[in-house]
Amino acid sequence: MTNFRFAQKIHFVCLAMFLGWPSFAVPHTQEATAPSPHRAELTDFSWLAGRWEGKLGPMTAEQEWMAPKNGTMQGFFRLTDSEKTIVIELFTLRETPGGIVMYFRHFSTELKPWEEAEAYHLNLTKSDAGTFRFDNPVVNQLKDAILTHADAETYISHGDITDADGKPKSIEVTYHRVK
């Protein structure tokens, strides 16, 4: 497998981690257009604050979130294998007039952005009983990202994507709070 092909496959894996979704999402210049039926507020995501870890096969996915403040939550993500860091991701949750929007961007370990354009986003379209669904408002390779708050120590990140070979794929990571 060429380095490019390997990087492309890892890129799709990263789409579903938290869902850092690169060039298949929407540039941030388009604001949220589909408000959630239950008008979620940023404080509904307070449970995310802290450090989380999950496994994707032999790889380790790590996240750290700051508590909501002034209309945003910031976080970062790192995916590693036994020998190296594969990708770093920065993301925010932001309250907008149209609802909650998740912005994100991937970087190499040298902080070179993977995306050529601006940061991307997904719109919160549904929230109830600890499940938060973010959808891509354009038709392309990323369909959705669903976060399920299972309990105080666990949440599940699920993403439906189209992989590099054009096949539909779901990726799910169970994250556990790290103390």
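Author: In this predicted model, two rings of Phe, Tyr or Trp, the last taken by its six-membered ring, form a pair if their centres lie within 6.5 Å. Ring pairs of this kind link Phe45, Trp47, Trp52, Phe132, Phe134, Tyr155 and Tyr175 into a cluster.

Reader: How many aromatic pairs does this rule give, and why is the pair of Phe45 and Phe132 called what it is called?

Author: The count comes to eight aromatic pairs. In the pair of Phe45 and Phe132 the ring centres are 4.4 Å apart, and the planes meet at 40 degrees; planes under 30 degrees apart would count as stacked and planes over 60 as edge-to-face, so this pair is tilted. The two rings come from distant parts of the chain, with Phe45 in the loop between β1 and β2 (50-56) and Phe132 in strand β8, 87 residues apart.

Reader: Are Phe45 and Phe132 buried or exposed, and how do you know?

Author: The cut-off for a buried residue is a relative accessible area under 20%. Phe45 has 0% and is therefore buried, and Phe132, at 6%, is also buried.

Reader: What makes the pair of Trp52 and Tyr155 stacked, tilted or edge-to-face?

Author: The centres of these two rings are 4.9 Å apart, and their planes stand at 85 degrees; since an angle over 60 counts as edge-to-face, the pair of Trp52 and Tyr155 is edge-to-face. This pair, too, joins distant parts of the chain, for Trp52 belongs to strand β2 and Tyr155 to strand β10 (residues 154-162), 103 residues apart. Both Trp52 and Tyr155 are buried.

Reader: Which residues touch the most other members of the largest nonpolar core, and what makes a set of residues such a core?

Author: A nonpolar core needs buried residues of the nonpolar kinds, including Phe, Leu and Trp, joined through side-chain atoms within 4.5 Å. The largest core has 32 residues, and those that touch the most other members are Phe45, Leu48, Trp65, Leu93, Ile100, Phe134 and Tyr155. Strand β5 supplies the largest share of this core, four residues. If residues up to four places away in sequence are left out, Ile100 touches, among others, Ala40, Leu42, Phe45, Leu93, Leu122, Leu124 and Phe134.

Reader: Why are β3 and β4 said to pair?

Author: Two strands pair if there are at least two bridges between them. Six bridges join β3 to β4 (residues 72-80), and the two strands run antiparallel, so the condition for pairing is met. Among the bridge partners is Leu79 in β4, which faces Ala61 in this ladder of bridges. The hairpin of β3 and β4 has six residues between the strands, and Asn70 takes a positive phi near 50 degrees in that hairpin.

Reader: How do you know that β4 and β5 pair, and in which sense?

Author: Nine bridges connect β4 with β5 (residues 85-96) in the antiparallel sense, and the rule asks for at least two. Met73 has Leu93 of β5 as its bridge partner, and the hairpin formed by β4 and β5 has four residues between the strands.

Reader: Why is Phe76 placed in the class it has, buried, partly exposed or exposed?

Author: Phe76, which lies in strand β4, has a relative accessible area of 42%; buried would require under 20% and exposed over 50%, so Phe76 is partly exposed. Beyond its neighbours within four places in sequence, Phe76 is in contact with Glu62, Gln63, Glu64, Glu89, Leu90 and Phe91.

Reader: What makes the link between Thr60 and Lys55 a polar contact?

Author: The side chains of Thr60 and Lys55 are joined at 2.7 Å, whereas the limit for a polar contact is 3.5 Å. Thr60 lies in strand β3 and is buried, because its relative accessible area is 13%.

Reader: What is unusual for a non-glycine residue in the phi of Leu111 and of Ala129, and why is each of them called buried or exposed?

Author: Leu111, in the loop between β6 (99-107) and β7 (120-128), has a positive phi of about 60 degrees although it is not a glycine. Ala129, in the loop between β7 and β8 (131-135), likewise is not a glycine and has a positive phi of about 45 degrees. Exposed means over 50% relative accessible area, so Leu111, at 56%, is exposed, and Ala129, at 82%, also counts as exposed.

Reader: Where in the protein is confidence lowest, and where highest?

Author: The mean pLDDT is lowest in strand β1 (residues 26-27), at 38, and highest in strand β3 (residues 59-65), at 97. Over residues 1-33 the pLDDT stays under 50, while for the protein the mean is 80 and 76% of the residues reach 70 or more.

How values were computed:
Residues are numbered from 1 along each chain as its sequence is written. Side-chain values use heavy atoms; hydrogens and water are left out. pLDDT is the predictor's confidence in each residue, from 0 to 100. Contact means heavy atoms within 4.5 Å. Buried means under 20% relative accessible area, exposed over 50%, partly exposed in between (1.4 Å probe, protein chains only). A polar contact is a pair of N or O atoms within 3.5 Å; within protein, one must be able to donate a hydrogen and the other to accept it, and residues adjacent in sequence count only if both atoms are side-chain atoms.
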